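Here is a short report for a reader new to this structure. Please look over the sequence and the model before reading on.

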Amino acid sequence: MGNRPKQTQNSKGSPMHFSVGAVIEINGKYLLIDRDMEPFGFAGLAGHIDEGETPEETLFRKVDEESGLKIKKYVLLFEEEVEWNWCRVGI
């Protein structure tokens, strides 16, 4: 797999990339990271889907890379097209 983010055009013809994010709850507590790059602040684990990678593969990879945790099971909470989001990856 490439390390090149999967991208296409959104419904309005603007460039768009694909990402996944994880909400991890353990014993009533939620895992967040304190971002040291923009946008700063606390966030859930997330990352871009690389070209040729499935969303599930990305989810498992990003959670492992960012936390060392291994996913045993997951539930899709939602999916959406976000127009206002920005990213460091040049599209």
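Val 23 sits in the loop that joins strand 3 to strand 4 (25-26). Is Val 23 buried or exposed? Val 23 counts as exposed, because its relative accessible area is 60% and the cut-off for exposed is over 50%. Val 23 has nonpolar company on the surface: together with Tyr 30, Val 75, Leu 77 and Phe 78 it forms a nonpolar patch. The accessible area of this patch is about 630 Å² in total.

Leu 77, another member of the patch, belongs to the segment after helix 1. Leu 77 is exposed too, with a relative accessible area of 60%. Along the chain, Leu 77 and Val 23 are 54 residues apart. In space, their C-alpha atoms are separated by 9.0 Å.

**The model as a whole**

This is a predicted model. The chain has a mean pLDDT of 84. A pLDDT of 70 or more is reached by 86% of the residues. Confidence varies between elements. Strand 5 (residues 29-30) has the highest mean pLDDT, 96. Strand 1 (residues 7-9) has the lowest, 73.

The chain contains eight strands and one helix. What is the order of the elements from the N terminus on? They run β-β-β-β-β-β-β-β-α, with the helix at the end of that series.

The chain has 91 residues, and 18% of them are buried. Its accessible surface is about 7300 Å². Carbon and sulfur atoms own 53% of that surface. Among contacts with a separation of 6 or more, 52% link residues 24 or more positions apart.

**The nonpolar core**

In soluble globular proteins, nonpolar side chains tend to be buried together. Which residues make up the largest nonpolar core here? There are seven: Val 20, Ala 22, Ile 24, Leu 45, Ile 49, Leu 59 and Val 63. Strand 3 (19-22) supplies at least two residues of this core, and so does helix 1 (55-67).

Leu 59 is one of the core residues. What does Leu 59 contact, leaving aside neighbours within four places in sequence? Its partners are Val 20, Gly 21, Ala 22, Ile 71 and Tyr 74. Val 20 and Ala 22 from this list are core members as well.

**Salt bridges**

Side chains of opposite charge can pair when their charged atoms come close. The model has six salt bridges. Three of them are listed here, with the distance between N and O atoms.

| Salt bridge | N to O distance | Place and spacing |
|---|---|---|
| Glu 65 and Arg 61 | 3.4 Å | helix 1, four residues apart |
| Lys 62 and Glu 65 | 3.2 Å | helix 1, three residues apart |
| Lys 62 and Glu 66 | 3.5 Å | helix 1, four residues apart |

The spacing of Glu 65 and Arg 61 is about one turn of the helix. The spacing of Lys 62 and Glu 65 is also about one turn. About one turn likewise separates Lys 62 from Glu 66.

How exposed are these side chains? Lys 62 counts as buried, because its relative accessible area is 15% and buried means under 20%. Arg 61 is partly exposed, at 22%. Glu 66 is partly exposed as well, at 30%.

Which residues are linked in a network of salt bridges? The network takes in Asp 50, Glu 53, Arg 61, Lys 62, Glu 65 and Glu 66.

**Backbone exceptions**

Most residues other than glycine have a negative phi, and most peptide bonds are trans. Two places in this model depart from that pattern, one at Pro 39 and one at Asn 27.

The peptide bond from Glu 38 to Pro 39 is cis. Its omega is near -5 degrees. Where is Pro 39? Pro 39 lies in the loop between strand 6 (33-35) and strand 7 (41-43).

Asn 27 has a positive phi, near 55 degrees, although Asn 27 is not glycine. Asn 27 occupies the loop between strand 4 and strand 5. Asn 27 is exposed, because its relative accessibility is 75% and exposed means over 50%.

Notes: Residues are numbered from 1 along each chain as its sequence is written. This is a predicted model: local features need pLDDT of at least 70, side-chain atom pairs count only at pLDDT 80 or more; totals for chains, interfaces and linings use all residues. Side-chain values use heavy atoms; hydrogens and water are left out. pLDDT is the predictor's confidence in each residue, from 0 to 100. A nonpolar core is a set of buried Ala, Val, Leu, Ile, Met, Phe, Trp, Tyr and Cys residues joined through side-chain atoms within 4.5 Å. Buried means under 20% relative accessible area, exposed over 50%, partly exposed in between (1.4 Å probe, protein chains only). Contact means heavy atoms within 4.5 Å. Patches are made of residues with over 30% relative accessible area and no salt bridge: like charges are joined within 9 Å, nonpolar side chains (Val, Leu, Ile, Met, Phe, Trp, Tyr) within 5 Å. Accessible areas come from the Shrake-Rupley method with a 1.4 Å probe; for residues, only the protein chains shown count as cover. A salt bridge is a side-chain nitrogen of Lys or Arg within 4 Å of a carboxyl oxygen of Asp or Glu.
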